[in-house]
Amino acid sequence: MPSILDNATRIKRFRELKATLRTRRDRLLVGIDIAKAQHVAQLRLAHTRILDPKLTIPNTHAGFEGFWARLEAHRRDAGVAELVCAVELTGTYHQALATFLEARGATVVLVNNHVAQLNRRTL
């Protein structure tokens, strides 16, 4: 399943995001741990509080739609405009969800497995 954004656009967007990550607080951040049957996500407002500590997402189109509805509800309630999803690269299991989120306007950042593992050790 091809990505909606080409690599040059993805890299440019990531650099812009990285440059403003510590200064902008009007983002809904979503970390997603990818697996074969279902994914697990955590939703938080940038630099403030966790909105949903553990959200399970079935790896189906219906599961993605339900997850998107939940994201939209949180975004509306918090009054934030931007949605940033960090998706762990796991085989090809991440592709369907990443493409789904990009198609709906979310910024998707692909996170290397090794980097995610180092972060888990730190936490």
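Author: Two strands pair if DSSP finds at least two bridges between them. With that in mind, and remembering that this is a predicted model, one can say that β1 and β2 run antiparallel and are joined by six bridges.

Reader: What is the order of the five strands in the open sheet?

Author: The edges help to fix the picture, for β3 (50-58) and β5 (107-111) each pair on one side only. The twist from one strand to the next averages 20°. Read across the open sheet, whose pairing is mixed, the five strands come in the order β3-β2-β1-β4-β5.

Reader: How many residues lie between β2 and β3 in their hairpin?

Author: Strand β2, residues 38-45, runs antiparallel to β3, and six bridges join the two. Along this pair, His39 stands opposite Ile57 in β3, while Arg44 has Ile50 of β3 as its bridge partner. The turn of the hairpin includes His47, which has a positive phi of about 65°, and the number of residues between β2 and β3 is four.

Reader: Which residue of β2 is the bridge partner of Ile32?

Author: Strands β1 and β2 are connected by a hairpin that passes through four residues. Across the six antiparallel bridges of β1 and β2, the partner of Ile32 is Ala41.

Reader: Do β1 and β4 pair in the parallel or the antiparallel sense?

Author: A pair of residues that shows how these strands face each other is Val30 and Cys85, the latter in β4, which stand opposite one another. Six bridges link β1 and β4, and the sense of their pairing is parallel.

Reader: Is the β-α-β unit made by β4, α3 and β5 right-handed or left-handed?

Author: The two strands of the unit, β4 and β5, pair in the parallel sense over five bridges, and Val87 has Leu110 of β5 as its bridge partner. Helix α3, residues 93-103, packs on the sheet, where it touches β1, β2, β4 and β5. The unit that β4, α3 and β5 make together is right-handed.

Reader: At about what angle does helix α1 run to β5?

Author: Helix α1, which covers residues 7-20, lies across β1 (27-33), β4 (82-88) and β5. For α3, the direction makes about 160° with that of β5. For α1, the angle to β5 is about 90°.

Reader: How far apart are the end C-alpha atoms of helix α2?

Author: Helix α2 holds 18 residues, 61-78, and at 1.5 Å a residue it should therefore span 26 Å. The model agrees with this expectation, since the distance between the end C-alpha atoms of α2 is 26 Å.

Reader: Within what arc do the buried residues of α2 fall, seen down its axis?

Author: The buried residues of α2 are Gly63, Phe64, Phe67, Trp68, Leu71, His74 and Arg75. What covers them includes β1, β2, β3, β4 and α3, whereas the face turned away from the buried side carries the exposed residues Ala62, Arg76 and Asp77. The buried residues line one face of the helix, because, seen down the axis of α2, they fall within an arc of 135°.

Reader: Which residue with a positive phi follows α3?

Author: A comparable case is found at α2, which is followed by Gly79, with a positive phi near 70°. In the case of α3, the phi of the residue that follows is positive and near 100°, and that residue is Gly105.

Reader: Is Leu101 buried or exposed?

Author: Leu101 is placed in helix α3, and it touches, beyond its neighbours within four places in sequence, Ile32, Phe67, Trp68, Leu71, Cys85, Ala106 and Val108. Its C-alpha atom is separated by 8.5 Å from that of Phe64, 37 residues away along the chain. The relative accessibility of Leu101 is 0%, and a residue is buried when that value is under 20%, so Leu101 counts as buried.

Reader: Is Lys12 buried or exposed?

Author: Lys12 lies in helix α1, and its C-alpha atom is separated by 30 Å from that of Pro53, 41 residues away along the chain. The cut-off for an exposed residue is a relative accessible area over 50%. Lys12 has a relative accessible area of 54%, so it is exposed.

Methods: Residues are numbered from 1 along each chain as its sequence is written. This is a predicted model: local features need pLDDT of at least 70, side-chain atom pairs count only at pLDDT 80 or more; totals for chains, interfaces and linings use all residues. Side-chain values use heavy atoms; hydrogens and water are left out. Axes are lines fitted to C-alpha atoms, for helices over the stretch in contact, and angles run from 0 to 180 degrees between N-to-C directions. Contact means heavy atoms within 4.5 Å. The expected span of a helix is 1.5 Å times one less than its number of residues. Buried means under 20% relative accessible area, exposed over 50%, partly exposed in between (1.4 Å probe, protein chains only). The arc is that of the directions from the helix axis to the C-beta atoms. A crossover is right-handed if, with the strands pointing away from the viewer, the path from the first strand over the helix to the second runs clockwise.
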